[in-house]
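Got your viewer open? Good: keep the selection box handy and let's take a walk through this one together.

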Amino acid sequence: MTERRDPDALIRRAGRGNPDFDQHFLVDDRVLDRIPTYAESFDRSHVLEIGPGPGALTERLLDVADRVTAVERDPALAAHLREEFADAVADGTLTVVEGDALDVEFPDYTCCISNLPYSASSELAFRLLPDAKPTVLMFQREFAERMAASVDDDAYGRLSVSAQHYADVEVVEEIPKEAFDPQPRVRSAVVRTTPRDPDYEVDDEAFFLDFVKALFTQRRKTVRNAIRNTAHISGLDDPEAVVAAADEDLLRKRPGNLAPATFAELAALAAEHGDPA
Ligand SMILES: C[S@@+](CC[C@H](N)C(=O)[O-])C[C@H]1O[C@@H](n2cnc3c(N)ncnc32)[C@H](O)[C@@H]1O
């Protein structure tokens, strides 16, 4: 292996960042070395990296992948990456795409490994998860815990059910603020998602996800009241018919105590009786 670039030197060569673009760069070599290992069991032949920044993680991804596509919104950083990794760009192992990862077309990647911009965590996660490709992603710790939470956990909510609809979700490492420059205000965590089909059937995915979103806006209410109060979000024309058709024990529970498969059953019942838009 050739000697690695120093992350601090990469930041210096990239030039000071743009505060509008959520730029907290990883400078801890041990953390940077570990991140690609969390994807060891995945096909890493074509890795998608969102928000490569100065390129410290990109360099490690180039070591384990046949190809890396790196999507960077900051034009100065995209130019820096093309210069810093000119050999890899020239031989086609690295493609730098300048643009917003929420808009650009993704290549036919095999897995995504990224330290994401936290302000777009949710939108980026839900752009990636339906692709059914494995991911290793860094998020704010609290967001990561909510993604991975199980029914009855305090952190269990809409994010848990929606993310786990697409994949198994695990928090594989917590990362202290000191691993970044500049340091973020919040702690971070690395999440691994392994795509799989859910263990329940959903006929109308969009309605299921809207129904979950609706009920979790009323997480402290009973399911009965949550169904009644959120028709404007779930799109149900006749929430009373759903309440009339549902099991009494279920209606007395709170949304945070319903497992994903129970949400799916209730959503099917709601679609059948509640006349969704
Ligand atoms: C938290 S930094 C991570 C940088 C680098 N991967 C690291 O670990 O040091 C996030 C990076 O995403 C870039 N970025 C922010 N919003 C973006 C977007 N919508 N699309 C693509 N890149 C974005 C920022 O310019 C920054 O380089």
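Here is a stop-by-stop tour, starting with the whole chain and ending on a few odd spots.

**Before you click**

This is a predicted model, where local features need pLDDT of at least 70, side-chain atom pairs count only at pLDDT 80 or more, and totals for chains, interfaces and linings use all residues. Residues are numbered from 1 along each chain as its sequence is written.

**Stop 1: the whole chain**

Show the chain as a cartoon. You should find 14 helices and nine strands; these are DSSP runs, with helices being H or I over at least four residues and strands E over at least two, numbered from the N terminus. The C-alpha atoms fill a box of roughly 65 × 35 × 30 Å along the principal axes.

How much of the chain is buried? Of the 277 residues, 43% are. Buried means that 20 or more other C-beta atoms lie within 10 Å of the residue's own, exposed means 12 or fewer, and partly exposed is in between, with C-beta atoms placed from the backbone.

**Stop 2: around the ligand**

Next, select the ligand and the 23 residues around it; Gly-51, Gly-53, Ala-101, Asn-115 and Pro-117 come nearest. Here a residue is near if its C-beta atom, placed from the backbone, lies within 6 Å. Strand S1 (25-26), helix H3 (56-64) and strand S3 (67-72) each give at least two residues to this shell.

Try colouring the shell by class: 13 residues are nonpolar, five polar and five charged. The nonpolar ones are Ala, Val, Leu, Ile, Met, Phe, Trp, Tyr, Cys and Pro, the charged ones are Asp, Glu, Lys and Arg, and the others, Gly among them, are polar.

**Stop 3: helix H14**

Now select residues 260-273. That's helix H14, with 14 residues, and from its first C-alpha to its last it reaches 20 Å, close to the 20 Å expected at 1.5 Å a residue (the expected span is 1.5 Å times one less than the number of residues). Its buried residues are Pro-260, Phe-263, Ala-264, Leu-266, Ala-267 and Ala-270. The cover over them includes helix H8 (158-166), helix H9 (205-216) and helix H12 (239-245).

Add H9 to your view. The axes of H9 and H14 come within 10 Å and cross at roughly 110 degrees. These axes are lines fitted to C-alpha atoms over the stretch in contact, and angles run from 0 to 180 degrees between N-to-C directions. The two helices are therefore roughly perpendicular to each other, a label for angles of 65 to 115 degrees.

Which residues of H9 meet H14? Phe-207, Phe-208, Phe-211 and Val-212 do, and on the H14 side they meet Phe-263, Ala-264, Ala-267, Ala-270 and Ala-271. Contact here means C-beta atoms, placed from the backbone, within 7 Å. By class, this contact has nine nonpolar, no polar and no charged residues.

**Stop 4: the odd spots**

Most residues other than glycine have a negative phi, and most peptide bonds are trans. Here are some exceptions to click on.

- Asp-275, in the segment after H14, has a positive phi of about 55 degrees and is partly exposed, with 15 other C-beta atoms within 10 Å.
- Asp-152 sits in the loop between helix H7 (141-148) and H8. Its phi is positive too, about 80 degrees, and Asp-152 is exposed, with 10 other C-beta atoms within 10 Å.
- Pro-182 is in the loop between strand S8 (180-181) and strand S9 (188-195). The peptide bond from Asp-181 to Pro-182 is cis, with omega near -10 degrees.

Note on methods. Contact = placed C-beta atoms within 7 Å. Parallel < 35°, antiparallel > 145°, perpendicular 65-115°, else oblique.
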